[in-house]
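Please look through the sequence and the model shown here before reading on. The notes after it are meant to be read with the structure in view.

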Amino acid sequence: MSRFWSDLASSLTPYVPGEQPRGARLIKLNTNENPYGPAPGVLAALAEINGDQLRRYPDPESSELRSAWASREGLQADQVFLGNGSDEVLAHTFQALLKQDQPLLFPDISYSFYPVWCELYGLPYATVALRDDFSVVVEDYDRPAGGVIIPNPNAPTGMILPLSDISSLLAMHTDSVVVVDEAYIDFGGESATGLIQQHDNLLVVQTASKSRSLAGMRVGAAFGHRDLIEGLSRVKDSFNSYPLDVVAQQTMLASLRDEEWLQHCTGRVIETRTRVVAELKEMGFEVLPSAANFLFVRHARQAAGELFAALRERQIIVRYFNKPRVDEFLRISIGTDNDMDELLAVLKTLI
Ligand SMILES: *Cc1c(COP(=O)(O)O)cnc(C)c1O
């Protein structure tokens, strides 16, 4: 607390990201980073950045990148909004589209940044309980709302909703915006971007951080009807005209040019995930069905908090949320096969 803080700054409970330890030789399975690194062309693009490009302001509209990303999704450039990571895209979405008189709806177990943005922007919200098996009860969203936001696959459960359920949500809320946060969609799910032409109330948000191994670069996007994109741009241009620097624009373009690399790396993660699920189940873990690059697991006889601490002592970091309904679980990112073998070996000694 400081006497210099505004009432707003004093009242906030900020989001706490997973730790990013420095220097230590650790197996880091706590923030869903991709172990395989960005496409080779990304590093080449980085090497080509020159002083003149750095001297000047970047293109405030990121026009080339918007066009390239739009065409990958079968959309027009004016159906794409870009931001400094999808967290920034989502923050603008809360302010530009989801701040309404009626409450915003999202699952009770979901991305823990959502309530933080609600507090920051003063937006009413209500959480909708998942079933005991952590699946989404789509019918429970059939009530007056100022909007709906849902990660698909959900985080931290990893569970995916079929597009037919997304369509049901869109049909229930034709007068408000339904946001599908697809941070993990490239790990085996089907994107809702194909529904955009039929639904002017759908906004799909994606990120380069997970599947494209560009968490350090901070690139995120939203796709939707041009009116939704214009609303987002109005907030962006009242906040920061240049959210994507020239390096982010150029490297993301290079990432989009190498679809094969993306498919190759996500395919490897999926293969490792399949194998690790089987081995964890063998050891007595319950593993929620994951369509993401992480697993949400619990063990009948081992407290998650204790496992988390014991793993940490052995230089393996996973994520533990000490919160109702999920405090029996660990969230484990899928690393390389070697990382996962070490994890499994250590878990065998602990259980
Ligand atoms: C990681 C994540 C994001 C944010 O990713 P950025 O790095 O800010 O692009 C958004 N939503 C969910 C559900 C995430 O897990």
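The points below are grouped by topic and refer to a predicted model.

One topic is helix 7 with the strands it packs against, including strand 7, where six of six residues are buried. Another is an open sheet of three strands. The last is the set of 17 aromatic pairs that the structure holds.

**Helix 7**

- Helix 7 spans residues 163-172, and its residues Leu163, Ile166, Leu169 and Leu170 are buried.
- These residues cover an arc of only 110° around the axis, which puts them on the same side of helix 7.
- An α-helix has 3.6 residues a turn, so residues three or four places apart point the same way.
- The buried residues of helix 7 pack against strand 5 (147-151), strand 6 (177-181) and strand 7 (202-207).

**Strand 7 and its partners**

- Strand 7 is mostly covered, with six of its six residues buried.
- Leu202, Val204 and Gln206 are buried on one side of strand 7, and Leu203, Val205 and Thr207 are buried on the other.
- Strand 7 pairs with strand 6 in the parallel sense over four bridges, and Leu203 in strand 7 is the bridge partner of Val179.
- Strand 7 also pairs with strand 8 (residues 220-224), in the antiparallel sense and over five bridges.
- Ala222 in strand 8 is the bridge partner of Val205.

**The sheet 9-10-12**

- Three strands form an open sheet in the order 9-10-12, with antiparallel pairing.
- Strand 9 (285-287) and strand 12 (330-333) each have a single partner strand and stand at the edges, so one side of each is left without a neighbour in the sheet.
- Neighbouring strands of this sheet are turned by 35° against each other on average, direction ignored.
- Strand 9 pairs with strand 10 (residues 294-299) over three bridges in the antiparallel sense, and Phe285 stands opposite His299 in strand 10.
- Arg331 lies over the face of Phe294, at 5.7 Å from the ring centre.

**Aromatic residues**

- The structure holds 17 aromatic pairs.
- Phe106 and Tyr114 form an edge-to-face pair, 5.6 Å centre to centre and with 65° between the planes.
- Phe106 has a relative accessible area of 3% and is therefore buried, since buried means under 20%.
- Tyr114, with a relative accessible area of 0%, is buried too.
- Phe106 and Tyr114 belong to one aromatic cluster, formed with Tyr15, Phe94, Tyr111, Phe113, Trp117 and Tyr125.

Definitions and conventions
Residues are numbered from 1 along each chain as its sequence is written. This is a predicted model: local features need pLDDT of at least 70, side-chain atom pairs count only at pLDDT 80 or more; totals for chains, interfaces and linings use all residues. Side-chain values use heavy atoms; hydrogens and water are left out. Buried means under 20% relative accessible area, exposed over 50%, partly exposed in between (1.4 Å probe, protein chains only). Helices (H or I, at least four residues) and strands (E, at least two) are DSSP runs, numbered from the N terminus. The arc is that of the directions from the helix axis to the C-beta atoms. Contact means heavy atoms within 4.5 Å. Two strands pair if DSSP finds at least two bridges between them. Axes are lines fitted to C-alpha atoms, for helices over the stretch in contact, and angles run from 0 to 180 degrees between N-to-C directions. Rings of Phe, Tyr and Trp (its six-membered ring) pair if their centres lie within 6.5 Å; planes under 30 degrees apart count as stacked, over 60 as edge-to-face and the rest as tilted. A charge sits over a ring if NZ of Lys or CZ of Arg is within 6 Å of the ring centre and within 35 degrees of the ring normal.
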